[in-house]
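Colleague: Got a minute? I'd like to go through this model with you before I head back to the bench.

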Amino acid sequence: MLQRKYFQDGGQINQIICALLINLPVLSYGCSVGWMSPMTLLLQSKDSPRGTPLTDLEVSWMASVPYLVCIPCDLLMAVITDKWGRKTALILISISSAISWILLLSSFNIWVLILGRALVGISMAGSYVTCPIYTKEISDDNIRGALGCLVILFQTTGNLFLYIIGDILSYNSILWICLAIPGIHILLFILMPDSPSYLLKKGRIEDTTRALSWLRCRPAGDPKIEQELDLIRAEQNKDESNNFLLKDIYQDKILFRAFIIAMVTTLSREACGAVPVLNFAGEIFSLASSDNNLRLSPNQQAMLLGGVQVLGSALASSLVEKSGRKPLLFTTSLLSGISMCTLASWFLLRDNGILAPSWLPLVTLCVCIFCDSSGLQPMSVVITGEIFSFRYRGTILAITMACASLFDFVQLLFFKSLANAVGIHVSFYFFGILCLLMALYVILAIPETRARSLEDIYKDLVKKKDLMGIINDERYVETKDREVSRI
């Protein structure tokens, strides 16, 4: 059965191979994120290989500077991806990742360390702008969701991998292993084709046919290859416009509706509480273990969270084509909201001297991280990639990820002081309510995109707008079919 599905003529094994290699830079990015946890402990200890331990301010800059760099790089990667190709952009991402690891290997000077960490912002931008676009454009409709979730699976796997080797290997050994990942990717990915959509847009018909033939495991003259070429060509012909992209989106009611959905789903992930929960993990585990025999070192805590993240992202990859995008996003939003409100209640009870189960923070923490990696994070990437055509896809992913990067930077900078000022329970109630509102928004506004064409999705958007009472203009109702067909 597996052989017939993936290996026969018309199989999907080449798409899977290509998608795995597309997401290899994401593994390197996940390692960069995970590197901070064990290496911060080492570099701030009396046994620091640097000699002089790093200060809290120096560590804060190393942790936050990738998010600042990522904001302009989101837009830069969108331009490179559209003008010079998905393949070129991906190789540049691996080159920047390799330079980052080389800098960390070459010097302990704080400015070199910060510069090396700053280059992580390029990998971060490419991981969530270029990789989802590339994966979407090489995938068949019936597996694009599962392959689209690989970006989260590879990031969380990279995190966990660094948590583990960071606990058992030396400083330099870890860096050499991390440097090998982008090096291997550059060597292997030279053999992969560029996105068929990009090749066709550039007028490279023979290269497009060759790429589709390899990806679909069919001969170049196969009627289904010609049919797919016609579909890509038709989509791009509908996109022809000389207007500024954002002006197009603002003026077109359906596109603007899709843009709002993309922005809300992306920011809902950042506002679900996962970032501050991870930031407060040490304190929460410490509180959870104060009244029982649970004793976990900081790195063991990180390993536990990393394991939960990998489990969640693996589950997302296996369920997304069976359950659909909408049920998975709704369920994880609801559970995340409940877990955040429960965690907030635990803090409120503790602050008022009321005894609460010490295991409750540990459970709610794991539920929050699991929901983030299994639904909120992968679905925001997959849905955003599926509700826009070739012309808009890169720009929208760049804008949403730039806003997400800014939001994360602000959270890292101000969350602790605000939580101390108003009470940490207020902060977590806020996150929980936002997640519950997101669950409601999923039901009312977000269409199912699994295995559906863009035209079908946009027709569903029109119906939803009518059902919600948003459209009262009869002139729009009369012309909505014409607008959907134009898009």
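Modeller: Here is a short walk through the model, topic by topic.

Colleague: Is this predicted or experimental?

Modeller: This is a predicted model. The mean pLDDT is 84, and 87% of the residues reach 70 or more.

Colleague: Where does pLDDT stay under 50?

Modeller: Over residues 467-487. The model has 35 contacts beyond four places in sequence for that stretch. Where pLDDT is low, the predicted coordinates should not be read in detail.

Colleague: Noted. How many helices and strands are there?

Modeller: There are 24 helices and zero strands.

Colleague: And what share of the residues is buried?

Modeller: Buried residues make up 56% of the 487 residues. The accessible surface comes to about 20700 Å², and 65% of that belongs to carbon and sulfur atoms.

Colleague: What about contacts across the sequence?

Modeller: Take the contacts with a separation of 6 or more. Residues 24 or more positions apart account for 80% of them.

Colleague: Let's go inside. Which residues have the most contacts in the largest nonpolar core?

Modeller: Ile22, Trp35, Met62, Trp101 and Phe189. That core has 69 residues.

Colleague: Pick Phe189. What does Phe189 touch?

Modeller: Beyond four places in sequence, Phe189 touches Cys18, Leu21, Ile22, Lys87, Leu90, Ile91 and Tyr134. There is also a second, separate core of 57 residues. Cys149, Cys368, Phe428 and Ile446 are among its members.

Colleague: Switching to Tyr128. Where is Tyr128, and is it buried or exposed?

Modeller: Tyr128 is in helix H7, residues 120-138. Tyr128 counts as buried because its relative accessible area is 5%, and the cut-off for buried is under 20%.

Colleague: What is Tyr128 in contact with?

Modeller: Leaving aside neighbours within four places in sequence, Tyr128 is in contact with Tyr29, Val151, Ile152, Gln155, Gln377, Val381, Leu397 and Met401. Thr400 is 272 residues from Tyr128 in sequence, yet their C-alpha atoms are 9.7 Å apart.

Colleague: Gln377 is on that list. Which residues does Asp372 contact?

Modeller: Gln377 is one of them. The others are Arg269, Cys272, Ala274 and Pro378, again leaving out neighbours within four places in sequence. Asp372 lies in helix H20. Its relative accessibility is 1%, so Asp372 counts as buried.

Colleague: Charges next. How many salt bridges does the structure hold?

Modeller: The structure holds 18 salt bridges. One of them pairs the side chains of Glu137 and Arg393, at 2.7 Å from N to O. That pair links distant parts of the chain: Glu137 is in helix H7 and Arg393 in helix H21, residues 390-422, with their positions 256 residues apart.

Colleague: Are Glu137 and Arg393 buried or exposed?

Modeller: Glu137 is buried, and so is Arg393.

Colleague: What does Arg144 pair with?

Modeller: Arg144 forms a salt bridge with Glu386, with the closest N and O atoms 2.6 Å apart. This pair also links distant parts of the chain. Arg144 is in helix H8, residues 144-148, and Glu386 is in helix H20, 242 residues apart.

Colleague: Why do Arg144 and Glu386 count as buried?

Modeller: Arg144 is buried because its relative accessible area is 6%. Glu386 counts as buried because its relative accessibility is 4%.

Colleague: What about Asp351?

Modeller: Asp351 forms a salt bridge with Arg350, with the closest N and O atoms 3.0 Å apart. Asp351 is partly exposed, with a relative accessible area of 45%. Arg350 counts as partly exposed too, at 31%.

Colleague: Which residues do shared salt-bridge partners join into one network?

Modeller: Asp82, Arg86, Glu137 and Arg393.

Colleague: Last topic, the surface. Which residues make the nonpolar patch?

Modeller: Leu334, Leu335, Ile338, Trp359, Val363, Val367 and Leu436. The patch is about 560 Å².

Colleague: Which helices supply at least two residues each?

Modeller: Helix H19, residues 325-351, and helix H20, residues 360-386. H19 gives the largest share, three residues.

Colleague: And Leu335, where is that?

Modeller: Leu335 lies in helix H19. Its relative accessibility is 42%, so Leu335 counts as partly exposed.

Terms used. Residues numbered from 1 in each chain as written. Heavy atoms only, no water. Patch = residues over 30% accessible without salt bridge, like charges linked within 9 Å, V, L, I, M, F, W, Y side chains within 5 Å. Areas by Shrake-Rupley, 256 points an atom, 1.4 Å probe, with all protein chains shown as cover. Salt bridge = Lys/Arg side-chain N within 4 Å of Asp/Glu carboxyl O. Helix = DSSP H or I, 4+ residues; strand = E, 2+ residues; numbered from the N terminus. Buried < 20%, exposed > 50% of the residue type's maximum accessible area, 1.4 Å probe, protein only. Contact = heavy atoms within 4.5 Å. Core = buried A, V, L, I, M, F, W, Y, C linked by side-chain atoms within 4.5 Å. pLDDT = per-residue confidence, 0-100.
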